[in-house]
There are 2 protein chains.
Amino acid sequence: MGKLVQEINKRLRAHGGRMTIQRRLILETLETLTNHPTAEELFALARQRDPALNLSTVYRTLRLLEQEDLVSTRIFNEERRQERFDPAYPSEHHHFMCTACKSVIEFETDSIGQIKMQFERRFDARVETGSIVLYGLCVQCRQEGNPTKPGTGDR
Amino acid sequence: MGKLVQEINKRLRAHGGRMTIQRRLILETLETLTNHPTAEELFALARQRDPALNLSTVYRTLRLLEQEDLVSTRIFNEERRQERFDPAYPSEHHHFMCTACKSVIEFETDSIGQIKMQFERRFDARVETGSIVLYGLCVQCRQEGNPTKPGTGDR
DNA sequence: TGATTACTGCAAATGATTTGCAACAAGCGA
DNA sequence: TCGCTTGTTGCAAATCATTTGCAGTAATCA
């Protein structure tokens, strides 16, 4: 049994919640993904194992995970207004999105700490969190000669 | 006459476009704002000068500006799925959003260059653009004793 | 001063996500 | 193991930001 399932099970128990077949399926599917799926993508995959599964249930489960701080959500500038769900939370990491294939790569850096401090000093503000998003072409798409679409990056 | 109006006028001319009363009003209103307004916010302000103005027209004008690379759009994690329009483009800058009052502060840093290069080397990718977003409390909200809402930052 | 056609306002459409509700089914206690 | 309670699901309809089709309006050019 995966970590997510275990963790959610524990938390559900604490509040009188229930571990349903659908929830287990969605969590297990999510755990197989290293990418940052959209709700639709996750739904499509999970549905292969249970064709009766409903998109609402996927959203409800993702929101539950979000509440429990087990995933985070993010809208990349590359995409319209669609959320992507990040199961790697809460490890601090940043993102790169390929503007051609929309794949997401996570990376770490400690530069952000300094940037935060600089900002706090300069604006007398309190910075809680911060994230970096890079846009460009991943190895594969670069090799396939995908042009860098002008005007599509994070501007 | 503001810079935006002038610039758009020039580009319209080149494609047989027209400078209308509505466009001028929207551009002039946008120029008075240092903040990153939503379409609704800009609409509300512009409407004070022309109550017949329509929200569609605001959107269409903003998209025109976007196409012409005179504003950029961004969805902050703090907000649902609502775009904010950034007239400071194309100067390279980054953002801080106050989680309490939703105000946006722009700032510059050169750290991003190194981060891009590090990433390119490590993943053999091509990075075109990159942006940093910080979340926290601005001076005012911090002084008013606003608690840092847990679970609302950019996670 | 027209004539041409880009632009506007309106209402309806779109797309992602949310929600109300009746039927269903976990998980508890007997 | 069997009910019961009530949390959860599937469905359809609602919501919210944004977009689009269309008929009427108005910039701009000759």
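**View 1. Residues around DNA strand C.** In this predicted model, 27 residues surround DNA strand C, and those that come nearest are A:S56, A:E83, B:G17, B:N54 and B:T57. Three elements each give two or more residues to this surface: α4 of chain A, plus α2 (21–31) and α4 (55–67) of chain B. The biggest giver is α4(A), with four residues. What kinds of residues make up the surface near DNA strand C? They divide into eleven polar, nine charged and seven nonpolar.

**View 2. Two helices of chain A packed against each other.** Here you can follow helix α3 (residues 39–47) and helix α4 (residues 55–67) of chain A, whose axes lie 10 Å apart at an angle of about 120 degrees. Because of that angle, α3(A) counts as oblique to α4(A). The two helices make a right-handed crossing. On the α3(A) side, look for A:A39, A:L42, A:F43 and A:A46; they meet A:L55, A:V58, A:Y59 and A:L62 of α4(A). Sorted by type, the residues of this contact are eight nonpolar, no polar and no charged.

**View 3. How chains A and B are related.** A turn of 180 degrees, with a shift of 0.0 Å along the axis, lays chain A on chain B with an RMSD of 0.0 Å. The two copies are therefore related as by a two-fold rotation axis. Which residue of chain A comes closest to the rotation axis? That is A:I132, with its C-alpha at 2.2 Å.

**View 4. The surface where the copies meet.** Of the interface residues of chain A, 100% are also interface residues in chain B, so the copies meet through the same surface.

Note on methods:
Residues are numbered from 1 along each chain as its sequence is written. Chains are lettered from A and ligands numbered from 1 in the order in which they are written. This is a predicted model: local features need pLDDT of at least 70, side-chain atom pairs count only at pLDDT 80 or more; totals for chains, interfaces and linings use all residues. Axes are lines fitted to C-alpha atoms, for helices over the stretch in contact, and angles run from 0 to 180 degrees between N-to-C directions. Angles under 35 degrees count as roughly parallel, over 145 as roughly antiparallel, 65 to 115 as roughly perpendicular and the rest as oblique. A crossing is left-handed if the near helix is turned anticlockwise from the far one by less than a right angle, and right-handed if clockwise. Two residues are in contact if their C-beta atoms, placed from the backbone, lie within 7 Å. Ala, Val, Leu, Ile, Met, Phe, Trp, Tyr, Cys and Pro count as nonpolar, Asp, Glu, Lys and Arg as charged, and the others, Gly among them, as polar. Copies are superposed by least squares on the C-alpha atoms of residues with pLDDT of at least 70 in both. A residue is near a molecule or strand if its C-beta atom, placed from the backbone, lies within 6 Å of it.
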